[in-house]
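Work through these exercises with the model on screen. Try each task before you read its solution.

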Amino acid sequence: MDSAITIRRQRSAVANGSPGVNVEWPTLLGRMLEDVSRVIQLELQLLEAKLAPSLMAMADRAIAGLMILCAGVIGGSCLLAALILLLHGWMAWWQCFAIGGVVTIVCALAVNASMKGSSVPAESKKS
């Protein structure tokens, strides 16, 4: 009989708005933590889904840039050797190498200047 009175008091205390023992708090906290962890997992999956193609595209651009750079170095070396051999028919070897070195330095400076001009991100060009 004493336990029935205690249960009635607890029910009336909760119904009146006074603080009482609520057995649902651990369950609510558990559900809240599950929901938060589920949201975090979904956000991480979304980030991975957006980040993976972006990184792959960046790697593809880097590989293409390296291939173009290697082809340019090989082609430039061949053109420089052809220029030196052509000039050797008219001049001594030291003069041919001096002209070839000057042409190479001028080309490197031109490429460096064009690379600095094109390094501005696309977002800042739009605004």
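**Exercise 1. Place Leu29 in its helix and find the patch it belongs to.**

Step 1. Leu29 sits in helix α2, which covers residues 25–88. Helices here are DSSP runs of H or I with at least four residues, strands are runs of E with at least two, and numbering starts at the N terminus.

Step 2. The model is predicted: local features need pLDDT of at least 70, side-chain atom pairs count only at pLDDT 80 or more, and totals for chains, interfaces and linings use all residues. Residues are numbered from 1 along each chain as its sequence is written, and side-chain values use heavy atoms, with hydrogens and water left out.

Step 3. Leu29 counts as partly exposed because its relative accessibility is 43%. Buried means under 20% relative accessible area, exposed means over 50%, and partly exposed lies in between (1.4 Å probe, protein chains only).

Step 4. Leu29 helps make a nonpolar surface patch of about 1200 Å², together with residues including Trp25, Met32, Ile40 and Met58. Patch residues have over 30% relative accessible area and no salt bridge; nonpolar side chains (Val, Leu, Ile, Met, Phe, Trp, Tyr) are joined within 5 Å, like charges within 9 Å.

**Exercise 2. Find the salt bridge and describe its partners.**

Step 1. A search of the whole structure gives one salt bridge. The term means a side-chain nitrogen of Lys or Arg within 4 Å of a carboxyl oxygen of Asp or Glu.

Step 2. The partners are Asp35 and Arg38, with their closest N and O atoms 3.2 Å apart.

Step 3. Asp35 and Arg38 are about one helical turn apart, because they lie three residues apart in helix α2.

Step 4. Asp35 is partly exposed at 40% relative accessibility. Arg38 is also partly exposed, at 45%.

**Exercise 3. Sum up the whole protein.**

Step 1. Count the elements. There are four helices and zero strands. Along the sequence, the pattern reads α-α-α-α.

Step 2. Check burial. Of the 127 residues, 3% are buried.

Step 3. Check the surface. The protein exposes about 11000 Å², and carbon and sulfur atoms supply 71% of that area. Such areas come from the Shrake-Rupley method with a 1.4 Å probe; for residues, only the protein chains shown count as cover.
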